[in-house]
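I open this notebook to keep a record of what I looked up in one structure, entry by entry. Each entry takes up one topic and notes what I found there.

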Amino acid sequence: MPCCHYYMLQEGGDAAFTVNVSQLTFGPGAIAETGDRARELGLERVALFTDKRLAALPFVETVQRSLREAGVDYAVYADVEVEPTDASFQAAAQFAQDGRFDGFVSVGGGSVIDTCKAANLFATHPAELAAYVNAPIGEGRPVPGPLMPHIACPTTSGTGSETTGVAVFDFVAKKLKTGIASKHMIPTMALVDPDTAATLPATVLAASGFDALSHALECYTCRPHTMRPRAARPSVRPLYNGANPWSDLPAREALRLVGRYLVRAVADRADTEARGQMTYAATLAGMAFGNGGCHLPHGMSYAVAGLVRDFRAADYPQAHPMVPHGMAVILNAPSVYRFTANACPERHLDGAADLGADIRGATSADAGEIVARRIIEMMQATQFPHGLAAVGYREADAGALAEGAFPQKRLLDNSPRPATKEDLAELFRGAMRYW
Ligand SMILES: NC(=O)c1ccc[n+]([C@@H]2O[C@H](COP(=O)([O-])OP(=O)(O)OC[C@H]3O[C@@H](n4cnc5c(N)ncnc54)[C@H](O)[C@@H]3O)[C@@H](O)[C@H]2O)c1
Ligand SMILES: [Fe+2]
């Protein structure tokens, strides 16, 4: 039941929206196109970004072989940190600056692709790290112009980073995650290969799959672009337009696919259909939120990740405590949708139905609970933590978490229902334990 009045122009709102995406190639074997694609872009020497675990898997060798066959020189950087930090972004930027590259290739999850985007940015337009970081955490200086070509090959299902202009990192000194966002950071090409999902461990698949779910549902329930204050000039319209009729399409298809395939894909490594469909869903969700935006679950996740005490997730590197991104996001989601549903109940019900909930006979007043229950059901079916308490938080942390989330203005402003700092604390309290 789409609500057409959602896009009625509000006083001072933006009547138009802009769509930015990478050129997308999807299909089994797509990553083997890297060499030919690099040659098509005129590249002679590329930096190939990956992480240590992936470097030992066959995909990276497939990409290297295709570069060799195409006569493209390359140097490998496998020191990407999983859930990158300011220090790891800077180390990667140094490698990019020293290597005299004319292009970039990334093979990995969001951690690798985001690090590659940042390295490309600082090699092309050198500056202090904080210069381009979102205000008010950083200076929020606009990226001055195009970067070098970047071919992104995602291997999780997933962040959608291969299609977005965002690079996220943990600002360790400030104890929060934040990012750099610009249309110039969108990879030139995305080579999305569903075969890469075969080796994904269950927890990584579940966390990255819930991230994709949340990208799609947050995007679909964002404040509409017609309510976002019009930018001073069209060329500085933000990447996150707010919900719009274009991003609604990939968002809803992503929700349908995640609702149908996530639980199957996590349960069975050999279910290539489910794993392949999750890969496609993640890219669709990336295209959606890369233009529409995310809101509270993501804004809150950056505090959940940044204030971690000693939690370590199965299947992730164990060197440091870490709440993986998708986990930090989805643990907030049921609590958030119970709060936001009354701002656009039809959209919350649509989202719940797309995810597979039975909405027959439901009224607007039921919307928040129905979507929350469907997400909780999927969390249980994938043996996910039962709430923030399961990753080490207590009710007494709600205030500190709200303080950490409150500066995420770019995301919070996109919420269909404004949230004060007190609201955020209440939302964190509501996310402590779901069952
Ligand atoms: N730029 C964006 O638009 C965007 C969006 C959402 C999240 N992010 C960021 O992306 C990061 C999370 O990325 P992610 O969830 O894709 O995971 P990830 O890149 O952090 O990878 C998680 C783990 O899975 C391993 N792995 C990846 N692919 C594998 C495969 N095919 N087989 C076996 N192991 C594999 C990695 O080596 C790593 O150990 C966070 O830093 C998050 O903030 C970025
Ligand atoms: Fe995300």
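**Entry 1, a covered helix.** I began with helix α12, residues 333–340, in what is a predicted model, and found this helix mostly covered, with 7 of its 8 residues buried. I listed the buried residues of α12 as Ala333, Pro334, Ser335, Val336, Tyr337, Phe339 and Thr340. I then asked what covers the buried residues of α12. The cover includes α7 (202–220), α10 (296–306) and α11 (325–330), and it also includes α13 (345–354), α14 (367–381) and α17 (421–430).

**Entry 2, the surroundings of the ligand.** Two of those covering helices, α7 and α11, came up again when I turned to ligand 1, since each of them supplies at least two residues of the shell around ligand 1, as do α2 (52–55), α5 (110–124) and β6 (166–171). Which element gives the largest share of this shell? I found that α5 does, with 4 residues. There are 33 residues around ligand 1, and those that come nearest are Gly109, Gly110, Ser111, Thr156 and Thr159. Sorting the shell by class, I noted 16 polar, 12 nonpolar and 5 charged residues. I also checked the shell against the domain assignment, and it draws at least three residues from domain 1 (29–192) and at least three from domain 2 (201–430).

**Entry 3, the sheet.** I next traced an open sheet of 6 strands, whose order is β1-β8-β5-β4-β2-β3 and whose pairing is parallel. At its edges I found β1 (23–26) and β3 (73–77), each of which pairs on one side only. From one strand to the next, the twist averages 20°. As a reminder to myself, strands of a sheet pair through backbone hydrogen bonds, either parallel or antiparallel. Looking at the β1 edge in detail, I saw that β1 is joined by 4 bridges to β8 (residues 189–192), and that these two strands run parallel. One residue pair I wrote down here is leucine 24 with alanine 190, its bridge partner in β8.

**Entry 4, a single lysine.** Last, I looked up lysine 409, which is found in helix α16 (residues 409–412). Is lysine 409 buried, exposed or partly exposed? I counted lysine 409 as partly exposed because it has 14 C-beta neighbours inside 10 Å, whereas a buried residue would need 20 or more and an exposed one would have 12 or fewer. I also compared its position with that of glycine 399: lysine 409 and glycine 399 are 10 residues apart in sequence, and their C-alpha atoms are 17 Å apart in space.

Key
Residues are numbered from 1 along each chain as its sequence is written. Chains are lettered from A and ligands numbered from 1 in the order in which they are written. This is a predicted model: local features need pLDDT of at least 70, side-chain atom pairs count only at pLDDT 80 or more; totals for chains, interfaces and linings use all residues. Two strands pair if DSSP finds at least two bridges between them. Axes are lines fitted to C-alpha atoms, for helices over the stretch in contact, and angles run from 0 to 180 degrees between N-to-C directions. Two residues are in contact if their C-beta atoms, placed from the backbone, lie within 7 Å. A residue is near a molecule or strand if its C-beta atom, placed from the backbone, lies within 6 Å of it. Ala, Val, Leu, Ile, Met, Phe, Trp, Tyr, Cys and Pro count as nonpolar, Asp, Glu, Lys and Arg as charged, and the others, Gly among them, as polar. Domain bounds come from an automatic or database domain assignment.
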